[in-house]
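Below are some notes on the model, set out as numbered points. Please read them with the structure open.

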Amino acid sequence: MKHNLKILEPGELAESLPQLLEEAAAVPLVISGSSMTPFLVHGRDTVYLSGVKEPLKRGDMAFYRRENGRCILHRVYRVEGACYTMVGDAQTRLEPGIRQEQILARVTAVRRKGKLLQKGSFWWDFFEKIWIRAVPVRPAVRAVYSAFYRLFN
């Protein structure tokens, strides 16, 4: 099977995404940046974007465009009417006021460490259901993890 591979910047992808989603069931996006660690790692992992056919809920990952035009991939922390509050897996600062029309796509699968993960897999469900609720204590969890990592490595 022959694949046509074209590398797009996030802004370019945002402009092309509606057409790409019409042509394919899912559009791959290699992760850049660190806001979604520890689940997704810069340059290593790929997410698969699909159209938003139903309302997003807490824990869902979405690719959206901020008011300043920058494209971001974060999780839904809270749904408030027609607006979402978003947060990255590595962050504690919430981003409220993201409107439905800013949402470009949702993540339906992830290639993490070479393995395809979807809803129902352990790590997908952990980050979607548990980690999203740990926002207030994330700094403490990371500190404990780092201490144990240094101790045993």
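1. Cys71 is buried, with a relative accessible area of 13%. The model is a predicted one, and the statements here should be read as describing that prediction.

2. The structure holds 0 disulfides. Cys71 takes part in none, and the nearest cysteine sulfur to its own, that of Cys83, is 18 Å away. Seen from the other side, the closest cysteine sulfur to that of Cys83 is in Cys71, and at 18 Å the pair is too far apart for a bond. A disulfide is a covalent bond between the sulfur atoms of two cysteines; the cut-off applied to the two sulfur atoms is 2.5 Å, so the 18 Å between Cys83 and Cys71 rules out a bond.

3. Cys83 is partly exposed, with a relative accessible area of 26%. Strand S5, residues 83-87, is nevertheless mostly covered, with 4 of its 5 residues buried. Because buried means under 20% relative accessible area, Cys83 at 26% does not count as buried.

4. Strand S5 has a pairing partner in strand S4 (residues 71-80), in the antiparallel sense and over 5 bridges. Within this pairing, Val79 stands opposite Tyr84 of S5. The hairpin of S4 and S5 has 2 residues between the strands, and Gly81 takes a positive phi near 65° there.

5. S5 also pairs with strand S6 (residues 95-99), again antiparallel, here over 3 bridges. Tyr84 stands opposite Ile98 in S6. Tyr84 thus has Val79 across from it in one pairing and Ile98 in the other.

6. Which residues have the most contacts inside the largest nonpolar core? They are Leu40, Val47, Leu49, Phe63 and Leu73, in a core of 24 residues. The elements giving two or more residues to this core are helices H1 (10-23) and H2 (122-130), together with strands S1 (27-30), S2 (46-50), S3 (61-65), S4 and S7 (103-112). H1 gives the most, with 4 residues.

7. On the surface, Val144, Phe148, Leu151 and Phe152 form a nonpolar patch, with about 460 Å² of accessible area together. Leu151 lies in helix H3, residues 138-152. Is Leu151 buried or exposed? Its relative accessible area is 61%, and because exposed means over 50%, Leu151 is classed as exposed.

Key. Residues numbered from 1 in each chain as written. Predicted model: local features only at pLDDT ≥ 70, side-chain atom pairs only at ≥ 80, totals over all residues. Heavy atoms only, no water. Buried < 20%, exposed > 50% of the residue type's maximum accessible area, 1.4 Å probe, protein only. Pairing = 2+ DSSP bridges. Patch = residues over 30% accessible without salt bridge, like charges linked within 9 Å, V, L, I, M, F, W, Y side chains within 5 Å. Areas by Shrake-Rupley, 256 points an atom, 1.4 Å probe, with all protein chains shown as cover. Salt bridge = Lys/Arg side-chain N within 4 Å of Asp/Glu carboxyl O. Core = buried A, V, L, I, M, F, W, Y, C linked by side-chain atoms within 4.5 Å.
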